[in-house]
Amino acid sequence: METLHAERLWTPGGWRIDAGFTHDAGRIVECTGAQPSEGAAWVVPGIANLHSHAFQRAMAGLAERQTHPQDSFWTWRETMYRFAARFDPDTLQAVAAQLYAEMLEAGYTTVCEFHYLHHSPDGRPYTDASAMSHALIAAARETGIRLTLLPVMYMTGGFDGRPLTDRQKRFGHGVDAYLRLFDMLRGEENDTLRVGVALHSLRAVPPDAMRAVLAQLPAETPVHIHIAEQLPEVVDCQALRNARPVEWLLGNAKVDRNWTLVHATHLDAAEIRGIANSGATVAICPTTEANLGDGLFPLRAFLEAGGSWGIGSDSHVSVSPVEELRWLEYGQRLVTHHRNVSVGTATTSAGESMLHDTMASADPSTGQAIGCFYEGACADWLVLDRDAPQFIGATTDDAIDRWLFAGNAPHIREVHVAGKQTVHEGRHRDREAIFTRFKAAMHTLLA
Ligand SMILES: [Zn+2]
């Protein structure tokens, strides 16, 4: 049993002064007052990263040269497929470990891994059919990040049911094989590993298969899906299913607070209300959505409808919750010509509003007891670097805005997950060894 004393402790209602908690075996046992102390820390809950494809960390920055005057998501996807074909379990673990160490240093303490790189490059399952899943689990365990693993169901190459291309074959499962993988991984759940389900997208999962998988899920299983990221996807869905993607999903699945809709960029007014009323979370990935030219999420209308949202680093062109949140707000400012667009009802601060919403969606989206300090919650927290120049003279009214809107450093001194410290003085405990292995893996992947 250990006790954390904080000079400032972040709660859904704002900062509490001289507060703390005792924790044992990775969980908070009791929330307490703290001894007043000048040197005590400023503590915030760890941030959940709701959307990650770990292997894409290795190709960050490698798709920024024009291949066609009309370059788009779809030409980027060709580069991504070529790159995906090179991974095996060892290179995946090496890249994922580097990524997860970077996430921890940046303040992400939980990652939802939307994992579709299941089989060997020719499409045949590995001898251990879950070898690639195990590479991700091992990377999470060695770095100390909390993982919600979402094995992806991927069956078809389009809304018309066309078969997977050769390059997509390593992603695919039939319903029975998929459910076997899900059940097997679920048997490995522990206090820092949760297993949920990902439907790659409506275009990759036929309606019957979607219903068959959803019917087998235990209660409270997190379900994530890519949806309405690109306009051609909306057009195809309308042509073949006679509805827009979110409209179709809400009409054909029992979408509730266990669901996370990734991107959900292209929405009409009824879809915005529909998602908000369902209780589902939207995982917004601002730097990736900008990088891929997806479009801009209608944040203001979604907030006014009472919608729930969080952030993801997705393709990992950036691994920084500060940058995701900042660009979420900045994208809105650029199109609306207004400022502080993400402010909700709890506070007038843009930074506090975004932190509040991100924390509130963390538990339902990840299926883990995170996002807030309460008895029984996971003991995951960040210690801000209160001595950084950005924080000099910071009051309880402006500290979060300074953190999220000033400068380009994470300003995180310590990171703790399940009560264990993974980052000291801003550096992951195994940074050098993880980087050495990543470097070797990158030379292999790029050879
Ligand atoms: Zn994605």
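Are H51 and H53 buried or exposed? Both are buried, meaning under 20% relative accessible area with a 1.4 Å probe and protein chains only. This is a predicted model, with local features needing pLDDT of at least 70, side-chain atom pairs pLDDT 80 or more, and totals for chains, interfaces and linings using all residues. Residues are numbered from 1 along each chain, and side-chain values use heavy atoms, without hydrogens or water.

H51 and H53 also serve the zinc ion, together with H226; each donates NE2, at 2.0 to 2.2 Å. Donors are N, O and S atoms within 2.8 Å of the metal (3.2 Å for Na, K and Ca); water is not among the atoms, so sites may look incomplete. The donor spacing in sequence is H-x1-H-x172-H.

Two nonpolar cores follow. Each is a set of buried Ala, Val, Leu, Ile, Met, Phe, Trp, Tyr and Cys residues joined through side-chain atoms within 4.5 Å.

| Core | Size | Residues include |
|---|---|---|
| Largest | 130 residues | F87, L249, L261, W403 |
| Second, separate | 13 residues | L9, A377, A379, V383 |

Helix α2 (residues 89-106) gives the largest core its largest share, nine residues. Helices are DSSP runs (H or I, at least four residues), numbered from the N terminus. Domain 1 (2-45 + 374-431) and domain 2 (47-366) both contribute to the largest core, so it lies between them. The domain bounds come from an automatic or database assignment.

L261 touches, among others, I225, I227, L249 and V255, not counting residues up to four places away in sequence. Contact means heavy atoms within 4.5 Å.

How values were computed. Buried < 20%, exposed > 50% of the residue type's maximum accessible area, 1.4 Å probe, protein only. Helix = DSSP H or I, 4+ residues; strand = E, 2+ residues; numbered from the N terminus.
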